[in-house]
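Thanks for making time this morning. I would like to walk through one structure with you, taking two helix pairs and then a pocket, so please have the sequence and the model open.

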Amino acid sequence: MDMENIFDDTYFMKKALQEAETAFDKGEIPVGAVIVINDKIIARAHNLTEMLNDVTAHAEMQAITAAANFLGGKYLTNCTLYVTLEPCQMCAGALYWSQISKIVYAARDEERGCIKLKTKLHPKTKIIGDVLAEEASELLKRFFIERRNLN
């Protein structure tokens, strides 16, 4: 009997959403990311821009660094990034240089996302969107509503 592979895009996006929840709990914009190779998570990350006081400390940037350290090299070929928000121009640029094979995102970023801004990805990089988009969007909306109510 052929067992269904539970390690699909939804499975790994749920792991990225757990990272986004961690960011939310720390008062960071709730974006989470995981990087996977051969159905194994090799990096987990979330936004740390507030904690590190660093505009470049996006979830994807943290994940790229962690994955490169794990692999012992700067290229992320045969890896997939799962991220709860479509990468921005900065992160898409870094992902271009990493030569990552696949990017799977949850929610679109209609204003600052790499698609709207036409940021080039590596020609070998596949991009897929709308995986658990509703869950990711809800978390972001909840964060900004709570933040507005604090001010």
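In which hand, left-handed or right-handed, does α3 pass α4 in a crossing? Before I answer, please keep in mind that this is a predicted model. The crossing of α3 with α4 is left-handed.

To fill in that pair, helix α3 covers residues 59-71 and helix α4 covers residues 89-98, and their axes come within 9 Å while crossing at roughly 20 degrees. Angles under 35 degrees count as roughly parallel, and therefore α3 and α4 are roughly parallel to each other. On the α3 side the residues that take part are E60, M61 and I64, and these meet M90, C91, A94 and L95 of α4. Sorted by class, the residues of this contact are six nonpolar and one charged, with no polar ones.

Now to the second pair, described in the same terms. Helix α1, residues 9-25, and α5 have axes that come within 11 Å and cross at roughly 5 degrees, so α1 and α5 are roughly parallel to each other as well. Here L17, A20, E21 and F24 of α1 meet a set in α5 made up of E135, A136, L139, R142, F143 and E146. By class, this contact has six nonpolar and four charged residues, and again no polar ones.

That brings me to the pocket, where α5 appears again. The largest pocket holds about 650 Å³ of space, and 25 residues line it, with I29, L85, D109, R112 and F144 lying nearest its centre. Which helix gives the largest share of that lining? It is α5, with six residues, while α2 (49-52) and α5 (133-150) each supply at least two. As for the character of the lining, its residues divide into 11 nonpolar, 10 charged and four polar.

Technical notes: Residues are numbered from 1 along each chain as its sequence is written. This is a predicted model: local features need pLDDT of at least 70, side-chain atom pairs count only at pLDDT 80 or more; totals for chains, interfaces and linings use all residues. Side-chain values use heavy atoms; hydrogens and water are left out. On a 1 Å grid over the protein atoms alone, a cavity is a set of points where a 1.4 Å probe fits but cannot get out, and a pocket is an open set with protein on both sides within 12 Å along at least five of seven lines; lining residues have an atom within 4 Å of a point. Grid points are joined across faces, edges and corners, and a volume is the space filled by probe spheres set on the points. Helices (H or I, at least four residues) and strands (E, at least two) are DSSP runs, numbered from the N terminus. Ala, Val, Leu, Ile, Met, Phe, Trp, Tyr, Cys and Pro count as nonpolar, Asp, Glu, Lys and Arg as charged, and the others, Gly among them, as polar. Axes are lines fitted to C-alpha atoms, for helices over the stretch in contact, and angles run from 0 to 180 degrees between N-to-C directions. Angles under 35 degrees count as roughly parallel, over 145 as roughly antiparallel, 65 to 115 as roughly perpendicular and the rest as oblique. Contact means heavy atoms within 4.5 Å. A crossing is left-handed if the near helix is turned anticlockwise from the far one by less than a right angle, and right-handed if clockwise.
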